[in-house]
Amino acid sequence: IENISNQFEILEIDGHQKEIVIVTVLVLIGTISFFGMLGLGVIWFRDWQANMRNLDAALRQLSRGENLRETLFQDRHEFGRLGALVVQASGQLSDLRQAMIRWDRLKAMGQLAGGIAHELNNPLVGVLGQAELLRERLPEGDSARSQVTKIIAAAERCRRIVRNLLDFSRQRDSEFAQITIE
């Protein structure tokens with residue numbers, strides 16, 4: 001400020017002219033600051049607009065079921081955090097989609113197992129019934145009777161397997177129970 005006062009004395013500027021120069025300089029500084037801030041605002045607004053377009057595009061991709069595995073925004077501010085959350089949600093949706101596909105496959109396997117079990121059970125009942133009738137007709141000690149007993153044992157084992165397949169294929173709600181671990 002002393003340097004400025006010395007400059008005014010060198011230029012032989014009186015008090016009133018001095019005030020006019022100071023006001024003009026302040027107006028000039030204010031104008032430059034205003035337009036500088038306006039320019040920064042325009043740059044910020046363009047950046048904000050680009051981030052909004054990126055976010056809109058990402059959300060549209062997400063709504064179509066597409067995976068987002070890349071960072072949406074380069075900055076680490078609000079848009080960067082928001083973009084990271086959108087990418088994280090995309091990953092979670094992808095995981096859920098994969099789980100649904102596995103569930104559908106398991107459901108199809110259960111239905112297939114149930115169909116196979118029913119198809120095997122019908123002739124198995126006939127084989128068991130005929131083998132038991134045959135065993136009753138054969139005398140004790142007959143070698144054929146021991147062979148029929150082995151057939152019955154094998155058929156009973158098949159019946160248990162079929163029952164397990166049917167149990168697997170039935171849809172049941174999961175039951176939770178409290179247990180004590182010692």
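**Salt bridges, cores and a surface patch in an all-helix model**

Glu156 is partly exposed, with 25% of its relative area accessible. This value, like the others here, comes from a predicted model. Glu156 has a salt-bridge partner, Arg159, and the closest N and O atoms of the pair sit 3.8 Å apart. Arg159 also counts as partly exposed, at a relative accessible area of 28%. The two residues are three places apart in helix H4, so about one helical turn separates them.

A search of the whole structure turns up two salt bridges. Besides the Glu156 pair, there is one between Glu140 and Arg145, with 3.2 Å between the closest N and O atoms. Its two ends differ in how they are covered: Glu140 counts as exposed because its relative accessibility is 67%, over the 50% mark, while Arg145 counts as buried because its 18% falls under 20%. As a general point, side chains of opposite charge can pair when their charged atoms come close.

Stepping back to the whole chain, the secondary structure amounts to four helices and zero strands. Read from the N terminus, the order is simply α-α-α-α. The chain has 182 residues, and 16% of them are buried. Its accessible surface is about 15,100 Å², with 59% of that belonging to carbon and sulfur atoms. As for contacts between residues at least 6 apart in sequence, 51% of them link residues at least 24 apart.

How confident is the prediction? The mean pLDDT for the chain is 79, and 82% of the residues score at least 70. Confidence peaks in H4, with a mean of 89, and bottoms out in helix H1 (residues 2-10), with a mean of 56. Where pLDDT is low, the predicted coordinates should not be read in detail.

Next comes the inside of the protein. The largest nonpolar core has ten residues: Ala117, Leu124, Leu128, Ala131, Leu138, Val148, Ile152, Ala155, Val162 and Leu166. Two elements, helix H3 (78-137) and helix H4 (143-169), each give two or more residues to this core. H4 supplies the largest share, at five residues. A second core, separate from this one, contains six residues, including Leu55, Ala58, Leu62 and Val87.

One member of the ten-residue core, Leu138, is worth a look for its neighbours. Leaving aside residues up to four places away in sequence, Leu138 touches Ala144, Arg145 and Val148. Among these, Val148 belongs to the largest core too, while Arg145 is the salt-bridge partner of Glu140.

Ser146 is found in helix H4. This serine counts as partly exposed because its relative accessibility is 36%. Along the chain, Ser146 and Arg135 are eleven residues apart, and their C-alpha atoms are separated by 8.4 Å.

The outside has a nonpolar feature as well. Val21, Ile22, Val25, Leu26 and Ile29 together make a surface patch of about 410 Å². One of these residues, Ile29, lies in helix H2, which spans residues 15-63. With a relative accessibility of 48%, Ile29 counts as partly exposed, because exposed residues need over 50%.

Definitions and conventions
Residues are numbered from 1 along each chain as its sequence is written. This is a predicted model: local features need pLDDT of at least 70, side-chain atom pairs count only at pLDDT 80 or more; totals for chains, interfaces and linings use all residues. Side-chain values use heavy atoms; hydrogens and water are left out. Patches are made of residues with over 30% relative accessible area and no salt bridge: like charges are joined within 9 Å, nonpolar side chains (Val, Leu, Ile, Met, Phe, Trp, Tyr) within 5 Å. Accessible areas come from the Shrake-Rupley method with a 1.4 Å probe; for residues, only the protein chains shown count as cover. A salt bridge is a side-chain nitrogen of Lys or Arg within 4 Å of a carboxyl oxygen of Asp or Glu. Buried means under 20% relative accessible area, exposed over 50%, partly exposed in between (1.4 Å probe, protein chains only). A nonpolar core is a set of buried Ala, Val, Leu, Ile, Met, Phe, Trp, Tyr and Cys residues joined through side-chain atoms within 4.5 Å. Contact means heavy atoms within 4.5 Å. pLDDT is the predictor's confidence in each residue, from 0 to 100.
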